[in-house]
Amino acid sequence: MVKYLYVEIAEALRDDIQKGVYGIHQKLPSETDLANQFSTTRLTIRKAIDLLVKQHVVVRDRNRGTYVLATQSKISSGSSGLVVDCKINPNAVRTKKISFL
């Protein structure tokens, strides 16, 4: 089966995130820089990033760039959310009982 180039690029970027090349909340290179790196067009890079956005791996911030959203374990398991965060780091979320008088 033939894979589209943008899918291969998205997988390469996802692999880089899993390997720690880009950490959580770290900014990815610009579309132009990625296009040069992969020897392709910005449109292809944009489609690859769109795919990663849909998979909740990265998030776009208009006029600021694209940032890594998911941790390595979230990408590996394909899940995201509070439950996964609690399993990874149980001390990340705390509860406190409060009373109203």
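**A tour by selection**

Begin with R64 and D61: their side chains form a salt bridge, with the closest N and O atoms 3.9 Å apart. The model is a predicted one, and every value given here is computed from it. R64 has a relative accessible area of 57%, so R64 is exposed. D61 is partly exposed, because its relative accessible area is 33%.

**The shared-partner network**

Next, select E31, R42, R46, D50 and R60 together. Salt bridges with partners in common join these five residues into one network. The structure as a whole holds 6 salt bridges.

Within that selection, show R42 and E31. Their side chains meet in a salt bridge, 3.2 Å from N to O. R42 belongs to helix α3 and E31 to helix α2; the two residues are 11 apart, and the pair links distant parts of the chain. Which of the burial classes does E31 fall into? E31 is buried, because its relative accessible area is 17% and the class takes in values under 20%. R42, at 41%, is partly exposed.

Move on to R60 and D50. This salt bridge has its closest N and O atoms 2.4 Å apart. R60 is in strand β1 and D50 is in helix α3, so the bridge ties together parts that lie 10 residues apart in sequence. Colour by accessibility and R60 comes out partly exposed, at 33% relative accessibility. D50 is also partly exposed, with a relative accessible area of 31%.

**The largest pocket**

Keep R60 and E31 on screen and add S30, G65 and T66. Of the 15 residues that line the largest pocket, these five are the closest to its centre. How much space lies in this pocket? The volume is about 210 Å³.

To see where the lining comes from, highlight helix α2, helix α3 (42-54), strand β1 (58-61) and strand β2 (65-68). Each of these elements supplies at least two lining residues. Colouring the lining by class gives 7 charged, 5 polar and 3 nonpolar residues. E31 and R60, already met as salt-bridge partners, are thus two residues to keep labelled while inspecting the pocket centre.

**A35 in helix α2**

Now go to helix α2, which covers residues 31-38, and select A35 within it. Is A35 buried or exposed? Its relative accessibility is 5%, so A35 counts as buried.

Expand the selection to the residues around A35. Leaving out residues up to four places away in sequence, A35 touches T40, T41, R42 and I45. R42 is therefore a contact of A35 as well as the partly exposed partner of E31 in the salt bridge seen earlier.

For a distance check, pick the C-alpha atoms of A35 and I9. These are 9.9 Å apart in space, while the residues are separated by 26 positions in sequence.

**The tyrosine pair**

Last, select Y4 and Y6. The count of aromatic pairs in the model comes to 1. Y4 and Y6 form that pair, with ring centres 5.9 Å apart and 25° between the planes, and the arrangement is stacked. An angle under 30 degrees is what the stacked class requires.

The two rings' residues can be compared by accessibility. Y4, at 59% relative accessibility, counts as exposed. Y6, at 23%, counts as partly exposed, because the buried class ends under 20% and the exposed class begins over 50%.

Key. Residues numbered from 1 in each chain as written. Predicted model: local features only at pLDDT ≥ 70, side-chain atom pairs only at ≥ 80, totals over all residues. Heavy atoms only, no water. Helix = DSSP H or I, 4+ residues; strand = E, 2+ residues; numbered from the N terminus. Buried < 20%, exposed > 50% of the residue type's maximum accessible area, 1.4 Å probe, protein only. Contact = heavy atoms within 4.5 Å. 1 Å grid on protein atoms, 1.4 Å probe; cavity = no way out; pocket = protein on both sides within 12 Å on 5 of 7 lines; lining within 4 Å. Points joined across faces, edges and corners; volume = space filled by probe spheres on them. Nonpolar A, V, L, I, M, F, W, Y, C, P; charged D, E, K, R; others polar. Phe/Tyr/Trp six-rings, centres within 6.5 Å; stacked < 30°, edge-to-face > 60°. Salt bridge = Lys/Arg side-chain N within 4 Å of Asp/Glu carboxyl O.
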